[in-house]
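The exercises below are each followed by a worked solution. Have the sequence and the coordinates open while working through them.

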Amino acid sequence: MLGLTRKDFTLLLVVVALTLLAPIILNPFPVSSSLGQSFNAGYPALLQRFAIFGILVIGFNILFGLTGYLSFGHAAFLGVGSYAAVWMFKLLSYNIVPAILLSVIVAGLFSIVIGYVSLRRSGIYFSILTLAFAQMSYALAYSVLTPLTNGETGLQVYASDPQILAGAGAPSAPHFFGLPMASSTTLNMGGWAFTFEVGYYLCALMLIAAFYLSIRIFRSPFGMMLRAIKSNQTRMNYTGLNTKPYMLWAFIISGMYAGLAGGLLAAMDPLTGAERMYWTASGEIVVMAILGGVGTLIGPIVGSGVIKYLENIVSKINENVLHQWFGALPDPIENGLIWLVHPFVGEGWHLTLGLLFMVVVIFLPGGLVQGGQRLAALFNRKSGTVTAADRDAARQKSAE
Amino acid sequence: MGILEVKGVNKRFGGLQALGDVNLSIAENTVHAIIGPNGAGKSTLLNVLVGKLIPDSGSVMFDGQSVLGRKPFEIAQMGISRVFQTPEIFSDLTVMENVLIPCFAKRDGAFRMHAIEPVRHERAITAQAEAMLEEVNMLSKAHEIASSLSRGDKRRLEMAMCLVQEPRLMLLDEPTAGMARADTENTIALLKDIRTKRGITMAIIEHDMQVVFSLADRITVLAQGTPLVEGSPDQIKTDPKVREAYLGETQI
């Protein structure tokens, strides 16, 4: 169906269901309960981030997962996309369609230039070149290009901006032909409240489209060529294949995905700054991809989801929340538990992430997706041992 | 006029004359072996033929066109395939994919962007790859990851990858190096089979005299970067200059 095998189609359906129902699934606890206040992640601002960073890492995975070329400057394309979108808001109107289109196009053009130069080298030198380009972009955006980027203040829309296509009475916030991104309905059921926001659903639809396109690319001759480049470039050359245009296309597609993510970030909140291109932002993309599972279809969504969850939910758990949780226990035990847990939550969420990352890299080179497959194998007990399951997974992956 | 004509090729690495005035003509439909002691310039010559090295002077014509200055992928597109000493295959891909890739390269050239239609919808190409695997008796292993194959199977897979492109000339760089006797014999049988069935022109660089004498129609002996003698296997076996330069130390 839709040109997919049964297995891939099922995977797509799962992603469609999860993204469309995310506002419900991620709000498992009543609003007023302490668990709800701590762990409910189904609010629009965070849901948008899940979807947007999912798109970003899906695109990154087309480059890194298939070809093995590690771009360490991918945030530059995200940033460029955001700037392009905000400029469209300033010049044309708050309609998100031209903004998102331009962000994808500009990021694509930008990645032709960076890709053309960086792809002259491979391995660590390629990574360093992309990193250098991204840091140059950051520095330019921060200072030299202030007329274009508004420097450290960040680019935003002012009342004095032309907005030549905005008619009288047009919404003063991003909208899709009059439908504001921020409009939402809330469904109250008992103690639960589920908010369905236009902005999130736009991001969700884009995520589904991005995911579908990535499945098609993975299964296409182009995707196979990219995996062949990762496997053996010598054989590619002696088979009569020119690896350069394949690599450049992979780089451009991946950059356009990042541009789309940048455009969506601006569409959700019409301002942007140079920090979006900073090297730590690029590093985060790499961590998301590796955590989820490089080269797997679903890994990027898992990886970006886990990190955004830790960043936004676990980081909120401060000492007061811990006191609430363990309050019923005798004081010495309560204090002991808090002493134990506290370094890993709240501001210490990076520590949790770091440990998780180490565990994944050491024990699950295939990322959390591989972890999931192993768990499934343990529960199924069909194939007996874990190694047999892993081999099956590897075979299915490449046998499609 | 051979399919491959090497004329007056010189290559110098610093003070070392790796190739000195090499002339070589490989006739269509022959198996031409290039032998010689270590350091005779066999590998340098091969690297010149595939575009990896550019000679200081001389010309290399393949089917009337110069190969000099062309990139390896362009030379491969002209119809020259290469089999390596250690099989160069796509280890992370399945056996089937390993054969599909050269099929696409043959049909679509050095680059074509088809990123949407799935590979499995390319029925003609898939059938072609399956037929090739059938021919080398590997169809049952089509969905195995290539790295899991035995050494002998990897060699056969690499041959299949070259053959499916229907090359005009196959260059084989010590195809039996480091192989056990049984594997060597299998490889010889496979090469003979290819030769009788497909009549592909081959140039073989080889140390193993058994391989050379059981396959080659013509033999060129290189010594110190220069062709010493060229002739049929029988002529080479009895040539006193060859015995002195090379065969004297080897048991035939």
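**Exercise 1. Locate B:N29 and describe its backbone and its exposure.**

Solution. B:N29 sits in the loop between β2 and β3 of chain B, where strands (E, at least two residues) and helices (H or I, at least four) are DSSP runs numbered from the N terminus. Its phi is positive, about 65 degrees, although B:N29 is not a glycine. With a relative accessibility of 44%, B:N29 counts as partly exposed. The classes are buried under 20% relative accessible area, exposed over 50% and partly exposed in between, with a 1.4 Å probe and protein chains only.

The model is predicted: local features need pLDDT of at least 70, side-chain atom pairs count only at pLDDT 80 or more, and totals for chains, interfaces and linings use all residues. Residues are numbered from 1 along each chain as its sequence is written, chains are lettered from A and ligands numbered from 1 in the order in which they are written, and side-chain values use heavy atoms, leaving out hydrogens and water.

**Exercise 2. Carry out the same analysis for A:Q163.**

Solution. Begin with the location: A:Q163 lies in the loop between β1 (155-156) and β2 (175-176) of chain A. Next, the backbone: phi of A:Q163 is near 45 degrees, a positive value in a residue other than glycine. Last, the exposure: A:Q163 has 17% relative accessibility and counts as buried.

**Exercise 3. Work out how strand β8 (residues 201-205) of chain B is enclosed and which strands pair with it.**

Solution. Step one is burial. Five of the five residues of β8(B) are buried, so the strand is largely enclosed by the rest of the structure. Both faces are covered: B:T201, B:A203 and B:I205 are buried on one side, B:M202 and B:I204 on the other.

Step two is pairing, which requires that DSSP finds at least two bridges between two strands. Strands of a sheet pair through backbone hydrogen bonds, either parallel or antiparallel. Strand β3 (residues 31-35) of chain B runs parallel to β8(B), with four bridges; here B:H32 has B:A203 as its bridge partner. Strand β7 (residues 169-173) of chain B is also parallel to β8(B), over five bridges, and B:D173 is matched with B:I205.

Step three follows β7(B) to another partner. Four bridges join β7(B) to β6(B) in the parallel sense, and B:V83 has B:L172 as its bridge partner. Strand β6 (residues 80-83) of chain B is covered on both faces, with B:I80 and B:R82 buried on one side and B:S81 and B:V83 on the other.

**Exercise 4. Give the strand order of the antiparallel open sheet in chain B and identify its edges.**

Solution. The four strands are ordered β2-β1-β4-β5, and the pairing is antiparallel. The edges are β2 (16-26) and β5 (65-66), each of which pairs on one side only. Between β1 (residues 4-13) and β2(B) there are seven bridges in the antiparallel sense, and the bridge partner of B:V6 is B:L24.

**Exercise 5. Describe the surroundings of A:F194.**

Solution. A:F194 belongs to strand β5 (residues 192-197) of chain A. The residue is buried, at 7% relative accessible area. Contact means heavy atoms within 4.5 Å. Leaving aside neighbours within four places in sequence, the contacts of A:F194 include A:P23, A:I24 and A:N27, together with A:T185, A:T186, A:L187 and A:M189.

**Exercise 6. Set out the overall figures for each chain.**

Solution. Start with chain A, which has 18 helices and six strands. Its radius of gyration is 22 Å, close to the 21 Å that the globule rule gives for 400 residues, so chain A is as compact as a globular protein of that length. The radius is taken over C-alpha atoms, and the rule is 2.2 Å times the number of residues to the power 0.38. Buried residues make up 50% of the 400 in chain A.

Continue with chain B, which has nine helices and 10 strands. Its radius of gyration is 19 Å, close to the 18 Å from the globule rule for 252 residues, so chain B is as compact as a globular protein of that length. Of those 252 residues, 54% count as buried.
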